[in-house]
Amino acid sequence: MSTVQIRDARKSYGAVEVLHGVSLDIEDGEFVALVGPSGCGKSTLLRMIAGLEDITGGDILIGDRVVNHIAPKDRDIAMVFQNYALYPHKNVRDNMGFALRQRRIRKAEIEQRVNNTAQILGLENLLDRKPRQLSGGQRQRVAMGRAIVRDPNVFLFDEPLSNLDAKLRVQMRSEIKELHQRLKTTTIYVTHDQIEAMTLADRVVVMNGGVVEQEGSPLDLYDNPASLFVAAFIGSPPMNFLEGDLVGGTNLVLADSTALPLPIGDPKGRSRVTVGIRPEHFTIADSGWPATVSVVEPTGSETQITARLAGHIVRILIRGRTATKPGETIHLAIAPEYVHLFDAAPVPQLAELEDVA
Amino acid sequence: MSTPISSTAHRTRTSTSHRLRVMGGIAVSILFLFPIYWMVLTSFKQQVDIFTTPPKFLFIPTLETYIEYMQRADITRRLVNTIIVATGSGLLSIVVGAMAGYALARIRIRGAATFGLLILLSRGVPPIALAVPMFLVARKLGLTDKHITLILAYSTFLIPYVMWLMRSFFLSLPRELEESAMIDGCSRYGALFKIIIPISLPGLLSTLIFSMILAWEELLFALVLTNRHASTIPVAIAGIAGDTVNGANWGALTAVGTITVVPVVIFALLVQKWLITGLAEGATKG
Ligand SMILES: Nc1ncnc2c1ncn2[C@@H]1O[C@H](COP(=O)(O)OP(=O)(O)OP(=O)(O)O)[C@@H](O)[C@H]1O
Ligand SMILES: [Mg+2]
C-alpha cells in the first residue's frame with residue numbers, strides 16, 4: 001500500500017499536449033475514480049502512473065519515490081486492462097502466478113497465493129483452463145486475480161468492466177468494492193461511467209479536455225458541482241438546465257421571454273446565467289413553473305415525468321406514484337438550496353456518456 | 001409441419017453446397033498436383049517411354065536415370081548444400097526479420113515506418129540486377145562458392161519478407177499483452193521472449209517454412225555465387241535443362257526434380273501436425 005502523488009503532470013504527443021498539468025494527492029488505501037468523457041486523458045494519466053507512457057512534464061510519486069524514470073516492473077503496481085490482456089498460451093494458474101515467478105518467489109508460496117486468490121474470486125475450478133475457455137466474466141475475474149495475487153502497492157484499473165454486459169457489470173462493481181474494503185490497497189480506477197465512479201470511489205476526479213475539472217467525494221460532486229460540465233456529467237437522469245437573463249434579481253427570463261421566478265437571486269450578481277435543477281429536486285405544487293406533462297414513467301418506487309416548460313424538455317423524478325397524466329399542466333416548485341447557478345453557456349452534450357446500464 | 005420440410009430442404013442445400021465445395025477442392029488439387037504427378041511418373045520412365053503419343057500411364061519403371069544422375073549431377077552433395085543453405089538462411093531471416101518486424105510494429109521511433117518501407121521497396125529491384133554486384137562483393141571478400149555466401153544473399157530478400165509478415169502478425173496482437181508483462185516484472189525483451197514469441201510460434205513457424213522453401217528453390221544467386229563446392233540442386237536442374245550439347249534430358253530433369261520435391265514434402269508432413277495444433281492454440285485473442 002502506498003500514497004500516489006501527481007504533481008503538475010503533463011503529456012504531449014509530438015506537438016499536441018493532451019494533459020495540461022494534472023495534480024492529485026491520493027492517500028494510502030484510498031479508492032479514487034478518474035472519470036470523464038472519451039478522449040479527456042484518463043487512460044493517458046493512468047498509463048503514466050503505470051510507466052507505460054513517458055511523463056512529458058511534472059512528477060509522479062508512488063510512496064515517497066519519484067517514479068518518472070522507473071520501469072513499470074519496478075513500480076510495484078498492478079494493472080487491469082479493459083481487454084484483460086490475459087496471456088493466451090498460459091492457463092489461469094500460470095497467468096496468475098506469472099508476476100510472482102518473475103520475482104523468483106518460491107514455488108510453494110506461489111502455489112499458495114494463487115490458490116488463495118482463486119478462492120477469493122471463485123476461480124478454483126478454472127485454474128487449469130486457458131483464457132479462451134473462459135466466459136467474459138470469468139476472464140475479467142482472472143484479470144483481477146492476476147492483480148490481486150501480487151499484493152502490489154497500487155491497483156490501476158482502466159475501464160475493467162466495460163466489456164461486460166450490464167448485469168454482470170453491476171455485480172462485479174460491488175465485488176470490486178467489497179475487495180477494496182477487504183484489501184485496502186490504494187486504487188486508481190478509470191471509467192467513463194459516472195455511476196461506476198460514484199458507487200465505487202472514496203473520491204471522484206472529473207477530468208475534461210486534459211485537466212481536472214473538479215474532485216471530491218461522490219456526494220460532494222453531486223451536491224456542489226463547480227461547473228456546468230460537472231453538473232451535466234454527474235447524475236442520472238441528468239440535471240435540467242435553463243439558460244436566460246436574470247431580471248429584477250430573481251426572475252429568469254428565457255429566450256422566448258417566458259419569465260420564471262427563482263427562489264433565490266445570484267450571489268455573484270450575473271445578469272445572464274444557466275440554471276441547473278436535478279430532476280428529484282422539483283416538487284409538484286399548487287403554484288410554480290407551469291409545465292405540460294408529456295410522458296409519465298412509473299417504476300414502482302419512483303416516477304419519472306417528462307414535461308415541456310416553455311419549449312424546453314424537463315425531467316422530474318418523484319418518489320412514489322402520481323395520478324398525473326400526459327397533457328396535464330403541473331406546477332413545479334424548487335427549494336432555494338437546490339438551485340444551481342452557472343455562467344451562461346451551452347450545455348455540454350454528454351448523451352453518449354449517459355449510463356445505459 | 002412446415003419445420004421438417006424446410007429443415008430437409010435446408011439439409012439438401014447444405015449438402016449440395018458441401019458437395020460442390022469438395023468437388024471444387026478436388027479440381028484445384030488436380031490442377032496443382034498433376035504436373036508434379038507427371039514429373040514423378042516421367043522420372044521412372046525409360047527414355048523411349050517419355051515421348052509416346054498418347055502418353056503412357058503404364059510402363060515398366062526403372063531407376064536408371066536416378067542412379068546415373070545421382071553421380072553425374074553430384075546430387076548428394078547438392079542436397080546437403082541446399083539443406084544447409086535453406087536452413088541457415090531460413091533461421092537467420094526468422095531471427096533478424098521477426099525482431100525487426102516487432103520493432104516496426106511496436107516501438108515508436110521517428111522514421112521507423114519510412115525505414116521499413118525502404119526495406120520493402122528494396123525488394124522492387126530485380127534480383128538479376130543485384131546478382132552481378134553481389135558476385136563482385138563476394139569475390140572481393142573471398143566468399144565465392146561458400147555456404148555462408150548464399151545464406152547471406154538469400155537473407156537479403158528473406159529478411160524483408162519475414163519482417164513484413166511478422167510485423168502484421170505482431171500488430172494483430174493487443175499491445176496490452178506486453179504492457180501487462182512489463183508491469184508483471186518483465187523488461188521489453190522479457191515480454192517479447194516470454195509472452196509474444198510463444199504466442200507467435202505458429203506464425204513464426206509458417207513464415208520459416210515459406211522462407212526455407214523460397215531458399216530451397218532459388219536459382220539465380222546460386223548460379224552466380226557458387227561453383228562446385230556450395231552449389232545447390234536448382235543449379236543442377238538448370239544445368240540439365242540448359243545442356244545444349246546433348247539436348248535437354250527429360251528423364252534426368254524429372255528425376256532431379258523429384259529429388260528436389262521429396263524433402264520438401266517430407267518436411268511439410270513432419271511439421272504439418274504441429275503447425276495445425278499450433279494455429280489452433282494461437283487463435284485466441286483477449
Ligand atoms: N499514442 C498517441 N498518439 C497521439 N495521441 C494520443 C495517443 N494516445 C492518446 N492520444 C490522445 O490523447 C488524448 C487522451 O487519450 P486517452 O486515451 O487518455 O483518453 P481517455 O480519456 O482514456 O478516453 P476513452 O474513454 O475513450 O478511453 C486523446 O485526445 C487521444 O487522441
Ligand atoms: Mg481510455
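The following exchange covers ligand 1, the domains of chain A and the contact between chains A and B in a predicted model.

Residues are numbered from 1 along each chain as written, with chains lettered from A and ligands numbered from 1 in written order. The model is predicted, so local features need pLDDT of at least 70 and side-chain atom pairs 80 or more, while totals for chains, interfaces and linings use all residues, and side-chain values use heavy atoms, without hydrogens and water.

Biologist: What makes a residue part of the surroundings of ligand 1?

Modeller: A residue is near a molecule if one of its heavy atoms lies within 4 Å of it. The residues around ligand 1 include A:Y13, A:K42, A:S43 and A:E159.

Biologist: Why is the pair between ligand 1 and the side chain of A:K42 called a polar contact?

Modeller: A polar contact is a pair of N or O atoms within 3.5 Å; within protein, one must be able to donate a hydrogen and the other to accept it, and residues adjacent in sequence count only if both atoms are side-chain atoms. An oxygen atom of ligand 1 is 2.8 Å from an N or O atom in the A:K42 side chain, so the pair qualifies. A polar side-chain atom of A:S43 is 2.6 Å from a ligand oxygen atom, and for A:Y13 the partner is a nitrogen atom of ligand 1, at 3.3 Å.

Biologist: How much of ligand 1 does the protein cover?

Modeller: The protein covers 60% of the 640 Å² of accessible area that ligand 1 has on its own, by the Shrake-Rupley method with a 1.4 Å probe.

Biologist: Which helix gives the largest share of the shell?

Modeller: Helix α1 of chain A (residues 42-50) gives three residues; a helix here is a DSSP run of H or I, at least four residues.

Biologist: How do you know that chain A has domains 1 and 2?

Modeller: The bounds come from an automatic or database domain assignment, which gives 4-229 and 238-346. Their centres, taken over C-alpha atoms, are 39 Å apart. Seven residues of domain 1 and nine of domain 2 make the contact, meaning heavy atoms within 4.5 Å.

Biologist: What is buried between chain A and chain B?

Modeller: About 2200 Å², of which carbon and sulfur atoms give 58%. Buried area is the accessible area (1.4 Å probe) that two parts lose on being put together, summed over both. A:K73, A:P88 and A:R132 supply 24% of the area on the chain A side, more than any other three residues.

Notes: Helix = DSSP H or I, 4+ residues; strand = E, 2+ residues; numbered from the N terminus.
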